[in-house]
Amino acid sequence: TDWRDLDRAALTRAYDNAGAVADSAARLADWSARSAALRARPGHTLDLPYDPGPLHAAGPRNRIDLFACGRAGAPLLAFIHGGYWQALDPSHFSHMARG
């Protein structure tokens, strides 16, 4: 199906991940709890502002979190959310840094 053929209600349903996954509330609660626990541990740099360019000030969306594993020379995992933030924010996905 081409997205251009969908009406507004169908498009809304298509972007409703919480509605499409039966246990989404439990998953989100688990992710949030694990992410909060990781974020509370020392050794991480959270909400580090970066400059998106000379024409923009670093705002609340121009921030990254760096999670250190404590081992020099360790590999780097870069998690880049490929979609849009409809209801959540990056802190809900911090648990992925734990591996």
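Trainee: Is leucine 48 buried, partly exposed or exposed in this predicted model?

Mentor: Happy to start there. Leucine 48 sits in strand β1, and its relative accessibility is 33%. Buried would need a value under 20% and exposed a value over 50%. Because 33% falls in between, leucine 48 counts as partly exposed.

Trainee: Which residues make a nonpolar surface patch with leucine 48, and what is its area?

Mentor: Patch members need over 30% relative accessible area, and Leu48 has 33%. Leu48 is joined in the patch by Tyr50, Ile64 and Leu66. The area of this patch is about 310 Å².

Trainee: Which residue in strand β1 has a positive phi although it is not a glycine?

Mentor: Good one to look at in the backbone. Most residues other than glycine have a negative phi. In strand β1, which covers residues 44-49, one residue has a positive phi of about 55 degrees. At 43% relative accessibility it counts as partly exposed, and it is aspartate 47.

Trainee: Which element gives the most to the lining of the largest pocket?

Mentor: That pocket has a volume of about 1,200 Å³. Of its 36 lining residues, the closest to the centre are Ile64, Asp65, Leu66, Phe67 and Phe79. α3 (24-40), β1 and β2 (63-67) each supply at least two lining residues. With 5 residues, the element that gives the most is β2.

Trainee: How many residues of that lining are nonpolar, polar and charged?

Mentor: Let's split the lining of the largest pocket by residue class. The charged group has 8 residues and the polar group 6. The nonpolar count is 22.

Key: Residues are numbered from 1 along each chain as its sequence is written. This is a predicted model: local features need pLDDT of at least 70, side-chain atom pairs count only at pLDDT 80 or more; totals for chains, interfaces and linings use all residues. Side-chain values use heavy atoms; hydrogens and water are left out. Helices (H or I, at least four residues) and strands (E, at least two) are DSSP runs, numbered from the N terminus. Buried means under 20% relative accessible area, exposed over 50%, partly exposed in between (1.4 Å probe, protein chains only). On a 1 Å grid over the protein atoms alone, a cavity is a set of points where a 1.4 Å probe fits but cannot get out, and a pocket is an open set with protein on both sides within 12 Å along at least five of seven lines; lining residues have an atom within 4 Å of a point. Grid points are joined across faces, edges and corners, and a volume is the space filled by probe spheres set on the points. Ala, Val, Leu, Ile, Met, Phe, Trp, Tyr, Cys and Pro count as nonpolar, Asp, Glu, Lys and Arg as charged, and the others, Gly among them, as polar. Patches are made of residues with over 30% relative accessible area and no salt bridge: like charges are joined within 9 Å, nonpolar side chains (Val, Leu, Ile, Met, Phe, Trp, Tyr) within 5 Å. Accessible areas come from the Shrake-Rupley method with a 1.4 Å probe; for residues, only the protein chains shown count as cover. A salt bridge is a side-chain nitrogen of Lys or Arg within 4 Å of a carboxyl oxygen of Asp or Glu.
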